[in-house]
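I opened this notebook page to record what I looked up in the structure, one topic per entry.

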Amino acid sequence: MPSRTDLSSLARSCAQAEFATWQGVLAYRDEQVEALDRGDHSSMYRRMAVNAIALEIAQTLRISEQQVWRIVEQASRLREHLPSAWAAFAAGDIGAQKASI
């Protein structure tokens, strides 16, 4: 029978896995958008390419594009405006649900 410590450890591991997903999505998107911005593209092309990046992430992670956009928005906001919460998320002290509030 799992102990309370085992369950706490499991919760921390789950939160860290969620953080790794959020961080990976954000890093990949940022890298792809930076590469896109180095080119000379129309605003329409850029918009379509950014949407294609989200689609690629969604297909790879087997989640919806809407979930990708939510992760990008929430992770960006958390990282930029609430660095202590971002650090707590990275440490597994809070999970994605609390990080997105």
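Entry 1. Leaving aside neighbours within four places in sequence, which residues is Phe89 in contact with? I worked from a predicted model, and there I found Phe89 in contact with Ala15, Glu18, Phe19, Trp22, Leu78, Ile94, Gly95, Ala96 and Ala99.

Entry 2. I then turned to the largest nonpolar core, which has 22 residues, and noted that Phe89 is listed with Trp22, Val25, Val68, Leu78 and Trp86 as the members that touch the most other members. At least two residues of this core come from each of α1 (4–37), α2 (43–61), α3 (65–81), α4 (83–91) and α5 (96–99).

Entry 3. Next I looked up how α1 and α3 pack, and I read an angle of about 95° with the axes 9 Å apart. Because angles of 65 to 115 degrees count as roughly perpendicular, I entered α1 as roughly perpendicular to α3. On the α1 side the contact is made by Trp22, Val25, Leu26, Arg29 and Asp30, while α3 brings Val68, Trp69, Arg70, Ile71, Val72, Gln74, Ala75, Ser76, Leu78 and Arg79. Sorted by class, I noted nine nonpolar, two polar and four charged residues in the contact of α1 with α3.

Entry 4. Where is Leu82 found? I placed Leu82 in the loop between α3 and α4. Its relative accessible area is 41%, so I entered Leu82 as partly exposed. I also looked up its separation from Arg29: the two residues are 53 residues apart along the chain, and their C-alpha atoms are separated by 20 Å.

Terms used. Residues numbered from 1 in each chain as written. Predicted model: local features only at pLDDT ≥ 70, side-chain atom pairs only at ≥ 80, totals over all residues. Heavy atoms only, no water. Core = buried A, V, L, I, M, F, W, Y, C linked by side-chain atoms within 4.5 Å. Buried < 20%, exposed > 50% of the residue type's maximum accessible area, 1.4 Å probe, protein only. Helix = DSSP H or I, 4+ residues; strand = E, 2+ residues; numbered from the N terminus. Contact = heavy atoms within 4.5 Å. Axes fitted to C-alpha atoms, helices over the stretch in contact; angles between N-to-C directions. Parallel < 35°, antiparallel > 145°, perpendicular 65-115°, else oblique. Nonpolar A, V, L, I, M, F, W, Y, C, P; charged D, E, K, R; others polar.
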